[in-house]
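Subject: Model handover

Hi,

Here is the model we talked about. Please open it alongside these notes.

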Amino acid sequence: MAKGTVIKSSVMLGLGESLDEVRQAFQDLVAVGCTHVTLGQYLRPTPAHLPVMEYLSPERFRVYEQLAYTMGFRWVMAGPFVRSSYHAIDALVAESQKPALAPLDILYHTDDERPSRRYGNGTMTRIESLTNI
């Protein structure tokens, strides 16, 4: 894998997992090169899905966040309403500002499917021509 590659995964919590299982999941993710992780509360989408076994406290999410950092993740976002793409663009911006990595040119699509660039201050600029990038 190229140096500076960002690999992100997500873990939903609240299905009865133990601390050892969470630790093992983190270890497995780091072992295969995962650099960024989001941790969120599993919420049962319909009665046909698995029930929530536990609603984690904000403190428990902070503990898991610290554990993830100590196990080698470069970026962690944890909380009850965090989802897989939660602040993903912010993770890429933060990664691009680290001196050890080459700058990233971050593009993504908005409602009208025209590419846009988001800057660190949250403003967006439309990119009319990809040839100018």
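Start with methionine 53. This residue lies in the loop between E2 and helix H2 (58-70). Is methionine 53 buried or exposed? Its relative accessibility is 58%, so methionine 53 counts as exposed, the cut-off for that class being over 50%. Met53 also has company: together with Leu15 and Leu50, it makes a nonpolar surface patch of about 320 Å².

One caution before the rest: this is a predicted model.

Now the sheet. Three strands form it, and the sheet is open. Their order is E1-E2-E3, with parallel pairing. Which strands sit at the edges? They are E1 and E3 (75-78), each of which pairs on one side only. From one strand to the next, the twist averages 15°.

Next, the pairing of E1 with E2. E1 covers residues 8-13 and E2 covers residues 36-41. They run in the parallel sense, and six bridges join them. How does the chain get from E1 to E2, and with which handedness? The path goes through helix H1 (residues 19-31), and this β-α-β crossover is right-handed.

Two positions help to fix the register. Lysine 8 stands opposite histidine 36 in E2. Further on, methionine 12 has glycine 40, also in E2, as its bridge partner.

As background, strands of a sheet pair through backbone hydrogen bonds, either parallel or antiparallel. Here the pairing is parallel.

Best wishes

How values were computed: Residues numbered from 1 in each chain as written. Predicted model: local features only at pLDDT ≥ 70, side-chain atom pairs only at ≥ 80, totals over all residues. Heavy atoms only, no water. Pairing = 2+ DSSP bridges. Helix = DSSP H or I, 4+ residues; strand = E, 2+ residues; numbered from the N terminus. Right-handed = clockwise from strand over helix to strand, strands pointing away. Axes fitted to C-alpha atoms, helices over the stretch in contact; angles between N-to-C directions. Patch = residues over 30% accessible without salt bridge, like charges linked within 9 Å, V, L, I, M, F, W, Y side chains within 5 Å. Areas by Shrake-Rupley, 256 points an atom, 1.4 Å probe, with all protein chains shown as cover. Salt bridge = Lys/Arg side-chain N within 4 Å of Asp/Glu carboxyl O. Buried < 20%, exposed > 50% of the residue type's maximum accessible area, 1.4 Å probe, protein only.
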